[in-house]
Amino acid sequence: PSDGWDAASLVKNADMAMYAAKSAGGGAYRFFTEAMNRKAQYRLELENSLRKALKRKELVLYYQSLVNDARRIVGMEALLRWHHPKMGLLLPADFIRISEETGIIVPVGKWVLQQACAQARCWHAMGFPDLFIAVNLSARQLVEPDFERMVTDVLEKSGLPPERLKLELSESSLIQNPEVCITKMKRLREVGVAFAIDDFGAGYASLSYLKRFPVDTLKIDRSFISDAMSSRGDQEVIKTIIAMARNLNIATVAEGVETVAQKDFLASHGCDRMQGFLFAHPVPVAQFDKLLERQRSAAPSTTTP
Ligand code: C2E
Ligand code: MG
Ligand code: MG
C-alpha cells in the first residue's frame, strides 16, 4: 500500500526500483523508496532547467591559472558554473553527468569552447599573447560527426591561434572509443590544437594507449597530489608518471596543489606545470584580469609556456 495507490503509480514506482537495482549492478535488488521518487523528480527538474540555462544566460565560466615552476601564469583552465535560479551556484559535479546523459552537453560544450576561446583572445589583446586556454571536453562531444569542424569553426570565429588551445579529455572518455578519438585528435593536432589527458592515473591508465594518443600533456590526478606528503606510494606514482611522460616527450601538470610542501616535492621531481588553490582558485573573468595585471606589474619578464 505504501508503494502506490493505483496501478499506474505502482508500475511507475516498480520501474524506478528496477532502475536503482540496475545501476547498483551485481544482481542487486531494490525496494521502492520515497527517496528514489525525489531523486527522479530532482533529475527531471534539473534536466528541464538545464535545457533553458543556455538561453537564459545562466551558465558562466570561471578560470583557474596554470603556473610554471616560477609560479608565473602560463595558461588557464575554463571551468563551468551554473547560476541556477532556485538552487544558486552549481558546480560541474551537480550537472555535468546529467548533461552528458541527455546530450545537452553537446550545445553546452560548444558554448563553453566559444566563450573560452573568445576570452583567451581578449587576454591576448590585453598584452598576454603567450597564454593558452584549456577547455574540458566530454566523450559525448568527441563522437559527434562534426566535432572537428565545430572546433575549427569556433577557433576561426574567435581569432584565437589554434596553438593556444588545449583540449582536456579524461582517460575514461578516450578509452570508450579509442580509434575514433585517435583519428579526430590527430586531425586537430595537424591544425595546431593540443590535447591533455585529465585526471591521469585515476582511471584505466593504460600505458600502451598513452603512446598511441596524440597528447602533449598529462594532468596528474589530484588524489595522488593530496596524499603525496603522507604516502610513499603516491610519491612513487608521481615520480614514475613524470619520468615516463618525460621519456615520451609529454609535459606534466599537477592538479590540486594546495600546500608549499606539495609544490616543492613536485618541482624537485621535474613537474612542468601546476594548478591548485595554492596559486589561485577558479575565479570569474574580472578577478582573473586582476591576477594577470598583478603579474604584469610584479615582473616585466615574458611568460614561457
Ligand atoms: P577537472 O578538469 O579535473 O578540473 C579541476 C577541478 O579541480 C575543478 O573542479 C577545480 O575547481 C578543482 N581544483 C582545482 N584546484 C584545486 C585544489 O587545489 N584543491 C581542490 N580540492 N580542488 C581543486 P570543478 O570546477 O568543480 O570541476 C570539476 C570537473 O568538472 C572538472 O574536473 C571537469 O572534469 C568537469 N568540467 C568542468 N567544466 C567543464 C566543461 O566545461 N565541460 C565538461 N565536459 N566538463 C567540465
Ligand atoms: Mg580539466
Ligand atoms: Mg582534472
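Accessible areas here come from the Shrake-Rupley method with a 1.4 Å probe, and for residues only the protein chains shown count as cover. With that, I looked up the surface of the chain: about 16000 Å² is exposed, 54% of it supplied by carbon and sulfur atoms.

I note that this is a predicted model, in which local features need pLDDT of at least 70 and side-chain atom pairs count only at pLDDT 80 or more, while totals for chains, interfaces and linings use all residues. Residues are numbered from 1 along each chain as its sequence is written, chains are lettered from A and ligands numbered from 1 in the order in which they are written, and side-chain values use heavy atoms, with hydrogens and water left out.

Next I checked burial: 46% of the 305 residues count as buried (under 20% relative accessible area; exposed is over 50%, partly exposed in between; 1.4 Å probe, protein chains only).

I then turned to the metal site. Glu77 (OE), Asn136 (OD1), Glu168 (OE) and Asp198 (OD) are the protein donors of the magnesium ion (ligand 2), at 2.0 to 2.2 Å. Donors are N, O and S atoms within 2.8 Å of the metal (3.2 Å for Na, K and Ca); water is not among the atoms, so sites may look incomplete. Asn136 is in strand β4 (residues 132-136) and Glu168 in strand β5 (residues 165-170), so this pair ties together parts 32 residues apart in sequence. Strands are DSSP runs (E, at least two residues), as are helices (H or I, at least four), numbered from the N terminus. I find Asn136 partly exposed at 29% relative accessible area, and Glu168 buried at 3%.
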